[in-house]
Amino acid sequence: GTMTVSSTPDLHAITSKWAGEFTADNPRVTIKVVGLDEAGADLSFVSGNFNRNAKGNTQWKTIVGRDVVVPVISGSNPLIAEIGSKGISIARFSEIFKQKGSCTWSNLLDGVGNAPVNFYLMDNTSVTEKIAGFTGLEPSLISGMPVAGGAEMIDAIRKDPNGIGFCKLTDLLAAEENNQLAGIAMMPIDKNANGRLDYVENIYGNLADLSRGIWIGKYPEALCGNIYAVSVIKPENQNENAFLRYILTAGQATIETGGFTSLANSERLSKIDHLPGAFQVVQASEGVNMIQLIITILAGLVILIAIISFVIRYRAINKPARSASGDIRRGALSMNTLTMPKGVLYDKTHTWTFMEKDGTVRIGIDDFLQHVTGTITSIKFKLPGEKVIKGEPILTLVQHGKRLHINSPVSGIILADNSNVVTDATLVNSAPFGEGWIYKLEPTNWVREIQFLLRSDNYGEWIRTEFTRLKDFLAQNVKPEEPEYAYVILQDGGEIADSLLENLPPEIWEDFQTQFIDSSK
């Protein structure tokens, strides 16, 4: 077949190379690469600024790469230990430019060090704009000792113990020797400006940790521009999906040749799993025999009884239900601590759904999941009007940068999100079945999908098996000799601790996503 793809000017060379490499391996496919202003493209590849401008014209997008800028210092800086423990806040970074060449290390480190800070600036408009966005200053105020490019920047910083500069992450990848940066180090950023580098901010030890930190949101967004694949409608064509899978695998090497950053391996795998077509509903055959007819009638009666039960229990569901153990939880997690109200239907994605009187459905996360994650700090929502499919991602739970992608219990069209949860994400912890609901949907396959959901009694039996699966997960992924183990198992008999993921590192969250959440599908 023939496929047309478009791109922004900065991505034209990469897009053309992707197209050439893909068609070389798939000679029956022809890909035409055009400019973004030309109509009729099946897929488009855009950088972050262009994507924001075209947001209203796209219904589907996924990140395929990034344009990351990183602050660097010399490995011979005498204050490197102090810098590594405190980091530098965004406000302190801006002092470098406000003081116009007279800034000292004492200004950045609360009185420690009197040597002047030497700032080096690359001749690169994209880098300058990202520094300006990061510091909140006008681009015209960003100045320093000029260097031509990334290699020259790294060489200058290596030779100057008091030097600071910003280069692209790909420049560091090129300078890496034996998996280490020789003579140069990444400057840690004190993102929350509390005067110390907290555990959740400690992502600057090596490039692998930084890549993971960028993915899960620990790195400042202003220094990280995304490269998107976008489409007016969700791609379902076989060639389009094959091309996207190529870009997320072998095509990642091409991204780095263009000066951009490839995705972390675990992020690539996650995006491949969630590409369109990954979840398919098995359709019933056209022929219907007598047994099938009887089963259908009985199923209809069961559904009718269930709907009547929903209406009767409607008032109870609207009443906020707080966690039995309260907002501040320090004890063990068990069946006795869970709230499992009757009248809602549960899905094995650890979500619930409830049909309103007007035929719309509400959905949210279950009490088990919010107990496991601990306090949720924010939620990433889909937009009203977007279509969702049962088993595909519908929301992202965020806890200080650590994330879990949660799948939808039913298919439908998003009518609204819960504005209260938008402003106070902790409602999903305190009232997951009440004030902490997430979306209202117009269901599109309710009669069929309701057959795969669990009522409270069956859900209770299933949750018992989830406790066993959770213990197995912990045994495989959390080592007893690690300090984090103390947060997972209590001292009195090995019960699972409440909010156990809250104090575990992002690597465990990634494992929990793939081995526990995703495997539930």
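**Close-up 1. F368, a buried ring in helix α15****.** In this predicted model, F368 has just 1% relative accessibility. Buried means under 20%, so F368 easily makes the cut. Its ring partner F467 comes in at 9% relative accessibility, and therefore counts as buried too.

**Close-up 2. How F368 and F467 meet****.** A pair of aromatic rings is described by the distance of the centres and the angle of the planes. Here the centres of F368 and F467 are 5.3 Å apart and the planes stand at 90°, so this pair is edge-to-face. F368 belongs to helix α15 (residues 367-373) and F467 to helix α19 (residues 456-477), so the two rings tie together parts that are 99 residues apart in sequence.

**Close-up 3. Another edge-to-face pair, F473 with F512****.** Stay with helix α19, where F473 sits. Its ring pairs with that of F512, with 5.4 Å from centre to centre and 80° between the planes. F512 is part of helix α21 (residues 506-517), and the pair links parts of the chain 39 residues apart. Are F473 and F512 buried or exposed? Both are buried.

**Close-up 4. A cluster of rings****.** Which residues do ring pairs link into a cluster here? They are W18, F22, F45, F243 and Y246. Across the chain, the count of aromatic pairs comes to 20.

**Close-up 5. Charges over rings****.** Some rings have a charged neighbour over them, and here are two examples. The charged end of K168 sits over the ring of F260, 5.2 Å from the ring's centre. R469 lies over the face of F516, at 3.9 Å from the ring centre.

**Close-up 6. An open sheet of 6 strands****.** Read across the sheet and you get the order β12-β13-β14-β20-β19-β16, with antiparallel pairing. β12 (345-347) and β16 (387-388) stand at the edges with a single partner strand each, so one side of each has no neighbour in the sheet. Now look at β14 (residues 361-365) and β20 (residues 439-443), which pair in the antiparallel sense over 3 bridges. Which residue in β20 is the bridge partner of I363? It is Y439.

**Close-up 7. Stepping back to the chain****.** There are 21 helices and 20 strands here. Of the 521 residues, 50% count as buried. Take the contacts between residues at least 6 apart in sequence: 73% of them join residues at least 24 apart. The chain exposes about 24,300 Å², and carbon and sulfur atoms supply 52% of that.

Notes:
Residues are numbered from 1 along each chain as its sequence is written. This is a predicted model: local features need pLDDT of at least 70, side-chain atom pairs count only at pLDDT 80 or more; totals for chains, interfaces and linings use all residues. Side-chain values use heavy atoms; hydrogens and water are left out. Helices (H or I, at least four residues) and strands (E, at least two) are DSSP runs, numbered from the N terminus. Buried means under 20% relative accessible area, exposed over 50%, partly exposed in between (1.4 Å probe, protein chains only). Contact means heavy atoms within 4.5 Å. Accessible areas come from the Shrake-Rupley method with a 1.4 Å probe; for residues, only the protein chains shown count as cover. Two strands pair if DSSP finds at least two bridges between them. Rings of Phe, Tyr and Trp (its six-membered ring) pair if their centres lie within 6.5 Å; planes under 30 degrees apart count as stacked, over 60 as edge-to-face and the rest as tilted. A charge sits over a ring if NZ of Lys or CZ of Arg is within 6 Å of the ring centre and within 35 degrees of the ring normal.
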